[in-house]
Amino acid sequence: MDKPLRADAARNRGRLLDAAAALFAERGMDVPMEHIAKRAGLSIGTLYAHFPTRQAFFDAIFPDRLAELDRLAERALAEPDPWAGFVAFLEGIFALQAGDRGLNDAIARRFPTGPEVEANCVRGVGRADEVIERAKAGGRLRPDFSVADLTTLTWAMSQVIRESGPWRRLLALVVDGLRAEGGQPERSTQTMA
C-alpha cells in the first residue's frame with residue numbers, strides 16, 4: 001500500500017499534473033519534461049521525484065481522458081436514430097482529439113500505454129463496435145464497415161488533426177462514403193487500376 005504524500009508533496013504533484021495536462025493538450029505528448037517543471041514552477045528534480053518517466057505522466061492523466069470515449073458511446077447508443085448516434089460518435093471522437101493534442105497522440109497510439117490506458121482502449125473498442133453494429137442494423141451504415149476501419153480512420157484523422165488540417169470537412173466526406181445507400185463494396189486494387 002502506498003504511503004500518503006505529505007501536504008507539500010501532494011501539492012507539488014498536483015501542480016505537475018496540471019502543468020503536464022495543459023502542455024500535453026496544447027502541444028502533444030512530446031513536450032520536454034523541463035517545460036512541464038517550468039510551467040509548474042518547480043525544479044526538474046521535483047518533477048522526476050514524482051514522475052520518473054513520461055509514461056508515468058501518461059498513466060496518471062489519460063485514463064480519465066480516455067473515459068470520455070465511453071460517455072460518447074453511451075450518448076450514441078441512447079440516440080433514437082442509430083445513424084445520427086454513429087455520426088455524433090465520430091464527431092465527438094475527433095472533436096476530443098482536435099481539442100487535446102495529447103489525447104490525439106494517445107488515441108493514435110504514438111506512445112506506449114500502461115495497463116489502465118490499455119483497458120480503457122479495449123473497452124472503448126467494444127463500445128465502438130456496439131455503435132457501429134447498431135448503425136449497420138439500422139440500415140444506414142454500409143455493411144462492410146468494421147471497428148478495424150474505425151481504428152484506421154481514427155489514426156488517419158489523428159494525422160490530419162496533428163497537421164491542423166480541416167478535419168470537419170474531411171469527416172463530412174468520409175461520412176458520405178459510409179452511407180449504406182451510397183457506398184460501394186470494397187473492390188480489389190487490381191480492378192481499380
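Me: Axes are lines fitted to C-alpha atoms, for helices over the stretch in contact, and angles run from 0 to 180 degrees between N-to-C directions; at roughly what angle, then, do the axes of helix 1 and helix 2 cross?

Reply: Before the case itself, note that this is a predicted model, in which local features need pLDDT of at least 70 and side-chain atom pairs count only at pLDDT 80 or more, while totals for chains, interfaces and linings use all residues. Residues are numbered from 1 along each chain as its sequence is written, and side-chain values use heavy atoms, with hydrogens and water left out. Helices (H or I, at least four residues) and strands (E, at least two) are DSSP runs, numbered from the N terminus. Here helix 1 (residues 7-27) and helix 2 (residues 33-40) have axes that come within 8 Å and cross at roughly 125°, which makes helix 1 oblique to helix 2 (under 35 degrees is roughly parallel, over 145 roughly antiparallel, 65 to 115 roughly perpendicular, and the rest oblique).

Me: Which residues of helix 1 and helix 2 meet?

Reply: Contact means heavy atoms within 4.5 Å. On the side of helix 1 the residues are R15, L16, A19, A20, A22, L23, F24, E26 and R27, and they meet H35, I36, A37, R39 and A40 in helix 2.

Me: Which residues of helix 1 are buried, and against what do they pack?

Reply: Buried means under 20% relative accessible area, exposed over 50%, and partly exposed in between (1.4 Å probe, protein chains only). In helix 1 the buried residues are A9, N12, L16, A19, A20, A21, L23 and F24, and they pack against helix 2, helix 3 (44-50), helix 4 and helix 7. Just after helix 1 comes G28, whose phi is positive, near 100°.

Me: How many helices and strands does the chain have, and what share of its residues is buried?

Reply: The chain has eleven helices and zero strands, and of its 193 residues 39% are buried. Among contacts between residues at least 6 apart in sequence, 70% join residues at least 24 apart.

Me: Where is A106, and is A106 buried or exposed?

Reply: A106 lies in helix 7 (residues 101-107) and counts as buried, because its relative accessibility is 3%. Leaving out residues up to four places away in sequence, A106 touches F58 and F62, and both of these are among the buried residues of helix 4 (residues 54-66), together with F57, I61, P63 and L66. The C-alpha atom of A106 is also 9.7 Å from that of S158, although the two residues are 52 apart along the chain.

Me: Which residues make the contact between helix 9 and helix 10, and how do the two helices run?

Reply: The axes of helix 9 (residues 147-162) and helix 10 (residues 167-178) come within 10 Å and cross at roughly 150°, and the two helices are therefore roughly antiparallel to each other. Helix 9 gives L153, M157, V160 and I161 to the contact, and helix 10 gives W167, L170, L171 and V174.

Me: At about what angle do helix 5 and helix 6 pack?

Reply: Helix 5 (residues 68-78) and helix 6 (residues 82-99) pack at about 160°, with their axes 8 Å apart, and this pair is therefore roughly antiparallel. E68, L69, L72, A73 and A76 in helix 5 meet G85, F89, G92, I93 and L96 in helix 6.
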